[in-house]
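Grab the model and work through these exercises. Try each one before you read its solution.

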Amino acid sequence: MGGMPCKPTHEEFQALVCRVPATCRKAAEALWRADVLLVCTGAGFSADSGLAVYKDIAEVEAYQGLGLSYHDLCRPEWLHRDPELF
């Protein structure tokens, strides 16, 4: 399935590391204020709920016209390369 996961550049990694404390603090505060926390996991959750799965959404003319497959769209570099595509 698809290619190898991409690795962030050194600069991207450093930017992520710098944001970890603030991001964790924001997440903790949001959880503290929440009345309810719903965690849904597992393959097929969307399909079982009657929602379209990403594979169905990804098979649209715009992506096919560019020669992109579902597996291509799962690669994060496409988001960096052409964010408007999404």
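**Exercise 1.** Among contacts in the chain between residues at least 6 apart in sequence, what percentage join residues at least 24 apart?

*Solution.* Start with the ground rules: this is a predicted model, where local features need pLDDT of at least 70, side-chain atom pairs count only at pLDDT 80 or more, and totals for chains, interfaces and linings use all residues. Residues are numbered from 1 along each chain as its sequence is written, and side-chain values use heavy atoms, with hydrogens and water left out. Next, take a contact as heavy atoms within 4.5 Å. The share comes out at 27%.

**Exercise 2.** Work out which residues make up the largest nonpolar core, and what Leu85 touches.

*Solution.* First, pick buried (under 20% relative accessible area, 1.4 Å probe, protein chains only) residues. Then join those that are Ala, Val, Leu, Ile, Met, Phe, Trp, Tyr or Cys through side-chain atoms within 4.5 Å. You get 5 residues: Tyr63, Leu68, Leu73, Trp78 and Leu85. Finally, skip residues up to four places away in sequence, and Leu85 touches Tyr63, Leu66, Leu68, Leu73 and Trp78. Across the 86 residues of the chain, 8% are buried.

**Exercise 3.** Find how many helices and strands the chain has, and where confidence is lowest.

*Solution.* Count DSSP runs from the N terminus (helices: H or I, at least four residues; strands: E, at least two). That gives 6 helices and 0 strands. Now check pLDDT, the predictor's confidence in each residue, from 0 to 100. Helix α3 (residues 54–58) is lowest, at a mean of 68, while α1 is highest, at 92.

Technical notes:
Buried < 20%, exposed > 50% of the residue type's maximum accessible area, 1.4 Å probe, protein only.
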